[in-house]
Amino acid sequence: MAIFTDVVTIYNKISDSEWERTIVSGVQWSDKTEKKNENGKISIARYASVTFPEGTYEGLTLNSSNEEDCIVYGAVEDVVEDVKGQRISDLMKRYPKSGTIQSVNDNSNRDFCKNIKVVVA
């Protein structure tokens, strides 16, 4: 029995004109909102945490150094191309529960609950 039941679609940029799309089931998507008060000015940061438990992250490319790799909540069939209306920025506008990969935490060396946690914003 799977621990998590969410589905995400990962878009990895291969080249300027090529994107790889991978649909992954059995993950956890958690929306987060942080409010900060800095010198009397309130700022709101929205992001999501995606947990890939053992058995879901093998063979995936989860890289925060490529600032264009993206994760979208749900099984998405959209094709990303370097054409107006089909760019990654257009995809993220169509799907509000999405974001570029900001950080990747590899917890696969733990004895229990091995996972990889990704933050997207």
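This report describes the strand arrangement, the salt bridges and selected local features of the structure above.

The model is predicted, so that local features need pLDDT of at least 70 and side-chain atom pairs count only at pLDDT 80 or more, while totals for chains, interfaces and linings use all residues. Residues are numbered from 1 along each chain as its sequence is written, and side-chain values use heavy atoms, with hydrogens and water left out.

**Barrel**

Helices (H or I, at least four residues) and strands (E, at least two) are DSSP runs, numbered from the N terminus. Six strands form a closed barrel with antiparallel pairing, in the order E1-E2-E3-E6-E5-E4. Two strands are taken to pair if DSSP finds at least two bridges between them. From one strand to the next, the twist averages 45°; axes are lines fitted to C-alpha atoms, for helices over the stretch in contact, and angles run from 0 to 180 degrees between N-to-C directions. Strands E1 and E4 pair in the antiparallel sense over four bridges. Within this part of the barrel, Val8 stands opposite Tyr73 in E4.

**Salt bridges**

A salt bridge is a side-chain nitrogen of Lys or Arg within 4 Å of a carboxyl oxygen of Asp or Glu. The structure holds six salt bridges, among them the three tabulated here.

| Pair | N to O distance | Separation in sequence |
|---|---|---|
| Glu68 and Lys13 | 2.8 Å | 55 residues |
| Glu77 and Arg21 | 3.4 Å | 56 residues |
| Lys97 and Asp31 | 3.3 Å | 66 residues |

The side chains of Glu68 and Lys13 meet in a salt bridge. Glu68 belongs to the loop between strand E3 (41–53) and strand E4 (70–73) and Lys13 to strand E1 (residues 6–15), so this pair ties together parts that are 55 residues apart in sequence. Lys13 and Glu68 also belong, together with Asp16, to a network of salt bridges.

For accessibility, buried means under 20% relative accessible area, exposed over 50%, and partly exposed in between (1.4 Å probe, protein chains only). Glu68 is partly exposed, at 33% relative accessibility.

A salt bridge also joins Glu77 to Arg21. This pair links distant parts of the chain, with Glu77 in the loop between E4 and helix H1 (88–94) and Arg21 in strand E2 (residues 18–38). Glu77 counts as exposed at 54% relative accessibility, whereas Arg21 counts as partly exposed at 34%.

In the salt bridge of Lys97 with Asp31, distant parts of the chain are again linked: Lys97 lies in the loop between H1 and strand E5 (98–107), and Asp31 in strand E2. Lys97 has a relative accessible area of 35% and is partly exposed.

**Charge over a ring**

Lys97 has a further contact, since its charged end sits over the ring of Tyr73, 4.3 Å from the ring centre. A charge sits over a ring if NZ of Lys or CZ of Arg is within 6 Å of the ring centre and within 35 degrees of the ring normal.

**Positive phi values**

Asn39 is not a glycine, yet has a positive phi of about 55°. Asn39 is placed in the loop between E2 and E3 and counts as exposed at 86% relative accessibility. Cys113, likewise a residue other than glycine, has a positive phi near 55°. Cys113 is found in the loop between E5 and strand E6 (115–120), and at 64% relative accessibility Cys113 counts as exposed.
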